[in-house]
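Grab a pencil and open the viewer: here are a few exercises to work through at your own pace. Try each task yourself before you read its solution.

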Amino acid sequence: MRRKWIGWAAVLAAAAFLIPLSPWFTARAPVAPQPNAQINRPSGIKPLTAAQEHHMKISTVRQDMDATAKLCATECARNLHKLMLQGNSSKEKKEKLQHMMDMHKQMIYVNWVHNGQKISRGKLPSGSHAQASMQNYLKQGAAAIESGQNYTSPPIKANGRLYLVVAVPDERRKGDGISGVLLQDVVNQVERHQKRNLRLVPYPAEGHYKIESVKPNSTTDITVRNGEDNGNASHYHVNEVVVKFNRQPSDSELEQIRHDISALSIRKLGSTYIFRSKEMEARPLINYFNKTWQPQYVEPHYLYLTNDASIVPNDALYSKYQWNLPVIETEKGWNLTKGSEKVIIAVLDTGVQADHPDLSGKLMTGTNIVDDSMAPDDDVGHGTHVAGIIAASVNNGEGVAGLSWYNKVLPVKVLDSSGAGSTYSVAEGIIWATDHGAKVINMSLGNYAQAEFLHDAIKYAYDHDVVLVAASGNDNTERPGFPAAYPEVFAVASTDADGSKSSFSNYGDYIDVAAPGASIASTYPGSQYAALSGTSMASPHVAALAGLIRSINPDLSNEEVMKIMRTSAQDLGDKGKDNYFGYGQIDVVRALEKARQSAVSLQQFPQQVERRLAQIASKYK
């Protein structure tokens, strides 16, 4: 582009100043992944058979279900205890009780005894057997209250659903207290969610989208019979293709294409088009465009799937359930920065529950790419969980703590109610988030096929100085998953509480770092909390760290942020970078110390001068 002489002078001055120093301080350029590279297996990690991997994943699902049930019971008991301290008059107590049950729909029945008087709300499940069972456990709860003890019943199955009875005594007056029946649908939701998330079942189901499962980067059909087959499969819309032309087609040419392929719809994003045909499937469509129009590329419209001195916060579930934050030195890191509202972290996912009490004040106005007439609400649970790992309110006495106290989350719904989304929606979401101020984008989603359309969007965000973070995938495979394996994206693997590789975590030479991803407690729709496992949970730890780094030193470029996260990581596995942990597990305090030092370091001075002069030059374009 043409510039006025003063703009050129500023740029040349920067270049002249930096020539002697740039070889020392230039950030590492992206390196393309090598999918066929020889496996570098760290000592102590042995390959798993399909049966062993399946067994370990089943164990992970059960662990997540158990942890979620405990989270649910703990949070319920805590809410009942808070309720007892509210309201003076009988009327006020009734209002407070009703408000709590309106906010927490899982509390289906509550009985409050105060000064010998009872206040009851809700009703027990129908059926004589179910009600008899509930009444028996409620009697045990009342006896526990009378003796000043907390009480939690065993899980109760009734009418195909799961329930729990919880009782909490009022320490101020013997015999007073609250007991309630808690509907634990969230546990079954976690089971269904995690079986898909860990690829224990075929996902997505063929037919929901008119989908085919194929060998990655091809249109060769394969049949996905079980979760194991997902590790070698990609998915695309049967009747759609993505086309990027060498030149913009005219209206008459688009009309000709519409006629030739019996187009049901034509969508455009930038210079790229999505064509959906009424009659033709992907392979004939690809052949048609290659033969007739010789575009830059034409490819299937792929789907991407859902792949969560120390400052110890007072969040109710933190000390007992959130092992993940202390192990990466988050508590010490908070002494350096707690984040900044100016650094926005976009979450491209299934949406976020906008009124979750533990995300109050932490969410910006996002967008719904799947249905632009609707708000980006979460109809799956995945996105709310991811957002909570990043930004659940800290030190508010509620629920869980996020990594950041102040960074805002920008919800971008790119995955639908099945937990899947198209190349178009993910790409549009990346561009939208970039254009709306995101400095970090988290993508806990993926597929095994490279899509040029998606890569174009990623390059756009990368060129606009966005830090892009993505989950590697949950199939325990070395096959590169995308978008994580694109060179512009920071790829994240998962670790367990003991620092070992999570059994489900994908691996390969494209992995940058690892982060906690096993039974991570976080926010969940319905104003609830759940424990989920997956690289989807590991990725937002890293996205949050990138947000903290950019908060303590806003002048760092995206490559400098990524370099700090690599070089500050705690080495795991074989010495140095390996295929399972990358450079190691993230270390929040070390990363923030490096970022703070670089803010005042003489070594960073040339880059700061270069950026400042570039800003001046841009004014004269």
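**Exercise 1. Find where UniProt places the feature "active site", and work out why these residues gather at one spot.**

Step 1. The unreviewed UniProt entry puts this feature at D349, H382 and S536. UniProt positions are given here in the numbering used for this model, feature names are shortened, and annotations may be inferred rather than shown by experiment.

Step 2. Before going on, know what you're looking at: this is a predicted model, where local features need pLDDT of at least 70 and side-chain atom pairs count only at pLDDT 80 or more, while totals for chains, interfaces and linings use all residues. Residues are numbered from 1 along each chain as its sequence is written, and side-chain values use heavy atoms, with hydrogens and water left out.

Step 3. Now the spacing: the three residues span 188 residues in sequence, yet no two of their C-alpha atoms are more than 10.0 Å apart, so they gather at one spot.

**Exercise 2. Place D349 and H382: in which elements do they lie, and what joins their side chains?**

Step 1. D349 belongs to strand 12, and H382 is part of helix 12. (Helices, H or I with at least four residues, and strands, E with at least two, are DSSP runs numbered from the N terminus.)

Step 2. Check the cover. D349 has 0% relative accessibility, so it counts as buried, and H382 is buried at 0% too. (Buried means under 20% relative accessible area, exposed over 50%, partly exposed in between, using a 1.4 Å probe and protein chains only.)

Step 3. The side chains of H382 and D349 are joined by a polar contact of 2.6 Å. (That's a pair of N or O atoms within 3.5 Å; within protein, one must be able to donate a hydrogen and the other to accept it, and residues adjacent in sequence count only if both atoms are side-chain atoms.)

**Exercise 3. Trace the open sheet of seven strands and find its edges.**

Step 1. The strand order is 13-14-12-16-18-19-20, with parallel pairing. (Two strands pair if DSSP finds at least two bridges between them.)

Step 2. At the edges you'll find strand 13 (367-368) and strand 20; each has a single partner strand, so one side of each is left without a neighbour in the sheet.

Step 3. Zoom in on one pairing: strand 18 (residues 467-471) runs parallel to strand 19, with four bridges between them. Here V469 sits opposite F490 of strand 19.

**Exercise 4. Classify two of the 12 aromatic pairs.**

Step 1. Rings of Phe, Tyr and Trp (its six-membered ring) pair if their centres lie within 6.5 Å; planes under 30 degrees apart count as stacked, over 60 as edge-to-face and the rest as tilted.

Step 2. Take W334 and W405: the ring centres are 5.6 Å apart and the planes are at 85°, so this pair is edge-to-face. W334 lies in the loop between helix 11 (330-333) and strand 12 (344-349), and W405 in the loop between helix 12 (382-391) and strand 14 (408-413), so the pair ties together parts that are 71 residues apart in sequence. W334 and W405 are both buried.

Step 3. Now Y507 and Y580: with centres 4.7 Å apart and planes at 20°, the pair is stacked. Y507 is buried, with a relative accessible area of 10%, and Y580 is buried at 1%.
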